[in-house]
Amino acid sequence: MVLTRSKRDVEQRQQEILDALNDYYKTLNWPSQSSSIHKYILLLGRTRAGKTTLKHMLEDPRYIDNDMGLISKTRETDVKMFDISQSNLRLTLVDTPALIDRHMYTDETLSINESFNRINSTCLNKDIKELHLVCFCISLESGINDRDLELIRQLLDHFGPELAEHLCMIITRCEFKNDEQRLKLQDEIENDTAFKLICKQFKKDIYFSGALRCDDWNQGSDAILIQFKNVCNYRQKFIGLFQQSNTTYKLKLDDVRPANETDSNKSFWRCKFRFVPSFFNNTTSEDLLPFVFFNNV
């Protein structure tokens, strides 16, 4: 027999969970430096890769997104500057619409070069002339496929191979993954036959991210407490990464290229890409539930 708690009981438990989150958050010792530093970060990835959720999590790890849709609502490049609490960091974060999948959700059909041109132009118009990091986001739910490979290849073709020195991969939707599971994921990504070549282009390494699940919050589930500890750990590692990223990729007008320009060096990248991570074989249906969030915690 399944017992259903009353709305009042759920709300009371939610308040208790929120108090526990706030208490835990106050106890954390975040990495810091003596002076304030400003970093410029670009987020890229396919639809529903978790880019916008990552942005909100960096602002506040207690964030629970209320985006109930299956389609990304980021339709234009969004530039936001904010301070990272518990640190001396100020970020200017460039959140981009889905690149490869964009034509599926809008009436506008853009080539990859056109999308990159728009991102570059938006940054320059906002007086962003350099990037400390370019974060390529991949959802654990979706895995890695040939569209990701193509996007990474065209990204480096468009902006130049020197961008790889500032490129990191972020695997999102990992709020329930423990250390052992994350190590297994990273090992499989780095050693997969098809992905091994492109993985070497992520000179800033592989990171993990996540956020609090709306379903668990709505039920007043203690699972939120486990998720929060992981999310805070991810955020702390991002703060360290940002603080240590001292060199930059310089944006320039030359990066705006004709939309129909032929890509070069395709033979270096071209391969039959079939990467479907084997770790999904051991992933429970609970792990693959849609991630939706609620934002007024």
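Start by selecting two groups of residues. In helix H1, pick Arg13, Ile17, Ala20, Leu21, Tyr24 and Tyr25; they meet Ile224, Leu225, Phe228, Lys229, Cys232 and Arg235 in helix H9. By class, this contact has nine nonpolar residues, three charged ones and no polar ones. Keep in mind that you are looking at a predicted model.

**Stop 1: H1 against H9**

Now show both helices in full. H1 covers residues 7–27, and H9 covers residues 223–244. Their axes come within 11 Å and cross at roughly 30°. Angles under 35 degrees count as roughly parallel, so H1 and H9 are roughly parallel to each other. Turn the view and check the handedness. The crossing of H1 and H9 is right-handed.

**Stop 2: H2 against H9**

Keep H9 on screen. Add helix H2, residues 51–59. How far apart are the axes of H2 and H9? They are 10 Å apart, and the helices pack at an angle of about 85°. That angle makes H2 roughly perpendicular to H9.

Next, show the side chains here. From H2, select Leu54, Met57, Leu58 and Glu59. They meet Val231, Arg235, Phe238 and Phe242 in H9. Six residues of this contact are nonpolar, two are charged and none is polar. Look at Arg235 again: the list for H1 with H9 includes Arg235, and so does the list for H2 with H9.

**Stop 3: the nonpolar core**

Select Leu58, Ile171, Phe238 and Phe242. The largest nonpolar core has 73 residues, and these four touch the most other members. Which helix gives the most to this core? H9 does, with nine residues.

Zoom in on Phe238. Leave aside its neighbours within four places in sequence. Phe238 is then in contact with Leu54, Met57 and Leu58, and also with Ile170, Tyr207, Phe208 and Ser209. Leu54, Met57 and Leu58 are the H2 residues you have just met.

**Stop 4: two loop residues with positive phi**

Go to Asp127. It is in the loop between helix H4 (112–125) and strand E4 (130–131). Its phi is near 65°, a positive value in a residue other than glycine. Is Asp127 buried or exposed? Asp127 is exposed, with a relative accessible area of 52%. The cut-off for exposed is over 50%.

Jump to Asp205. This residue is in the loop between helix H7 (196–199) and strand E7 (206–208). Phi of Asp205 is also positive, near 85°. At 36% relative accessibility, Asp205 counts as partly exposed.

**Stop 5: Glu162 and its partners**

Select Glu162. You will find it in the loop between helix H5 (146–159) and strand E6 (167–172). Glu162 is partly exposed, with a relative accessible area of 39%. What does Glu162 touch, not counting residues up to four places away in sequence? The answer is Tyr249 and Lys252.

Add Gln201 to the selection. Glu162 and Gln201 are 39 residues apart in sequence. In space, they are 9.7 Å apart, C-alpha to C-alpha.

**Last stop: the whole chain**

Zoom out and colour by secondary structure. The protein chain has 10 helices and eight strands. Of its 297 residues, 53% are buried. Now think about contacts across the chain. Take those between residues at least 6 apart in sequence: 82% of them join residues at least 24 apart.

Note on methods: Residues are numbered from 1 along each chain as its sequence is written. This is a predicted model: local features need pLDDT of at least 70, side-chain atom pairs count only at pLDDT 80 or more; totals for chains, interfaces and linings use all residues. Side-chain values use heavy atoms; hydrogens and water are left out. Axes are lines fitted to C-alpha atoms, for helices over the stretch in contact, and angles run from 0 to 180 degrees between N-to-C directions. Helices (H or I, at least four residues) and strands (E, at least two) are DSSP runs, numbered from the N terminus. Angles under 35 degrees count as roughly parallel, over 145 as roughly antiparallel, 65 to 115 as roughly perpendicular and the rest as oblique. A crossing is left-handed if the near helix is turned anticlockwise from the far one by less than a right angle, and right-handed if clockwise. Contact means heavy atoms within 4.5 Å. Ala, Val, Leu, Ile, Met, Phe, Trp, Tyr, Cys and Pro count as nonpolar, Asp, Glu, Lys and Arg as charged, and the others, Gly among them, as polar. A nonpolar core is a set of buried Ala, Val, Leu, Ile, Met, Phe, Trp, Tyr and Cys residues joined through side-chain atoms within 4.5 Å. Buried means under 20% relative accessible area, exposed over 50%, partly exposed in between (1.4 Å probe, protein chains only).
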